[in-house]
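Biologist: Could you take me through this model and show me the reasoning behind each label you use?

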Amino acid sequence: MALTILIHGARGRMGHAVAAAAKELGVAVGAAVDLGDDLPAALAGCDVAIDFSSHAATRSLLENAVAAGKPVVLGTTGHPAAEKQALIALARKVPCVWAGNFSVGVNLLFALTRRASAVLGPDYDAEVVEMHHRFKQDAPSGTAARLLEIILEERKLDAAAVRHGRHGITGQRQSSEVGMHTLRGGDVVGDHTVMFAALGERLELTHKASDRQIFARGALRAAQWVVAQPPGVYDMQDVLGLK
Ligand code: NAD
C-alpha cells in the first residue's frame with residue numbers, strides 16, 4: 001500500500017534520517033513538522049505520524065493523533081516514569097507502535113538478553129553499559145532501560161535492585177544487583193552491551209549502531225505495519241514477529 005507519512009521532529013537528526021529512508025524506500029512524506037508548525041492541519045493529509053522529537057511533545061502529538069484517528073509510530077525516548085502510564089493509556093486509542101529502538105539487531109538483542117538471563121540465572125552478575133553521542137538529551141538510553149527491564153522481569157527483581165554507576169557505594173556486589181552504566185561522547189550512534197559475569201567466565205552481548213538509518217528504516221517498516229492494525233500499543237517485537 002502506498003503510504004503518506006508525517007514526520008514529527010522533522011528538523012532533528014532522526015527527522016532527517018526518516019526523510020532520507022522514505023526517499024530510499026519510495027514512501028511519500030506528506031508533512032514535515034517541527035516546533036512552531038501546525039500539527040493538526042498537517043495530520044489531516046497523512047496516513048501515519050512518525051515521531052522522533054522530545055518527550056515533552058508526546059502528549060500533544062498523541063492527543064492530536066487520537067482526535068484525527070491517525071496511527072502513530074513513536075520513537076522518542078526519555079519519558080519520566082510517572083508520565084508513561086498516562087501516555088500509554090492515550091496511545092491505546094489509536095494503532096501505535098512505541099519502541100525505544102527500531103533496529104532489527106537491537107530487537108534480537110532484547111530476545112537474546114531474556115534468554116541469557118533465564119539460562120544463566122542470578123549467579124551471573126548482570127550489568128548493562130551504553131554509550132551515545134555527546135548531544136543525547138536523556139540517560140540512560142531508552143534501549144538500555146528496556147534491557148534492564150527484561151533482566152529485572154526474568155529475575156523477578158524490582159527497581160530497588162538497580163545500581164546506576166556505583167559512585168560512593170562501598171562493600172561487595174550483591175547477586176541481586178543489576179548495574180546500569182552510561183557513557184557519553186563524540187558521535188557514537190548507539191552502543192549497548194549486556195554483560196553476564198560469573199566466577200570463571202563472562203558472556204557479553206553487544207550491539208553497535210553505526211548509522212541511524214537503521215532506526216529510520218525500522219520506523220518506516222513499523223509505519224507500514226501499524227496502519228493495518230486495530231487500536232492498541234505495539235512494540236517492534238510485534239512488528240518483527242519476535243513474540
Ligand atoms: P534532535 O534533538 O536532533 O531532534 C529533535 C527534533 O524535535 C528537533 O528538531 C526539535 O526542534 C524537535 N521538537 C522538539 N519539540 C518538538 C515539538 N513539541 N513539536 C515538534 N517538534 C519538536 O534529536 P534526535 O537525535 O533526532 O532524537 C529525537 C528522539 O528520538 C530522542 O528522544 C531520541 O532518544 C530518540 N531516538 C529514538 C530512536 C529509536 O529507535 N526509538 C533512535 C534514535 C533516537
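Modeller: Gladly; this is a predicted model, and we can go through its aromatic pairs and then its ligand.

Biologist: How many aromatic pairs does a search of the whole structure find?

Modeller: The search finds two.

Biologist: Why is the pair of Phe52 and Phe102 called edge-to-face?

Modeller: Their ring centres are 5.9 Å apart, within the 6.5 Å cut-off, and their planes stand at 70°, over the 60 degrees required, so the pair is edge-to-face.

Biologist: What makes this pair a tie between separate parts of the chain?

Modeller: Phe52 sits in the loop between β3 (48-51) and α3 (58-68), while Phe102 sits in the loop between β5 (95-98) and α5 (104-120), so the pair ties together parts that are 50 residues apart in sequence.

Biologist: And why is the pair of Trp225 and Tyr234 edge-to-face?

Modeller: Here the centres are 5.0 Å apart and the planes are at 85°, again over 60 degrees, so this pair is edge-to-face.

Biologist: Why does Tyr234 count as buried?

Modeller: Its relative accessibility is 17%, and buried means under 20%, so Tyr234 qualifies. Trp225 has 22%, which falls between 20% and 50%, so Trp225 is partly exposed.

Biologist: Now the ligand: how do you know that Asp34 makes a polar contact with an oxygen atom of the ligand?

Modeller: A polar side-chain atom of Asp34 lies 2.5 Å from that oxygen, within the 3.5 Å limit, so the pair counts as a polar contact. The protein buries 79% of the 870 Å² that the ligand exposes when taken alone.

Notes: Residues are numbered from 1 along each chain as its sequence is written. This is a predicted model: local features need pLDDT of at least 70, side-chain atom pairs count only at pLDDT 80 or more; totals for chains, interfaces and linings use all residues. Side-chain values use heavy atoms; hydrogens and water are left out. A polar contact is a pair of N or O atoms within 3.5 Å; within protein, one must be able to donate a hydrogen and the other to accept it, and residues adjacent in sequence count only if both atoms are side-chain atoms. Accessible areas come from the Shrake-Rupley method with a 1.4 Å probe; for residues, only the protein chains shown count as cover. Rings of Phe, Tyr and Trp (its six-membered ring) pair if their centres lie within 6.5 Å; planes under 30 degrees apart count as stacked, over 60 as edge-to-face and the rest as tilted. Helices (H or I, at least four residues) and strands (E, at least two) are DSSP runs, numbered from the N terminus. Buried means under 20% relative accessible area, exposed over 50%, partly exposed in between (1.4 Å probe, protein chains only).
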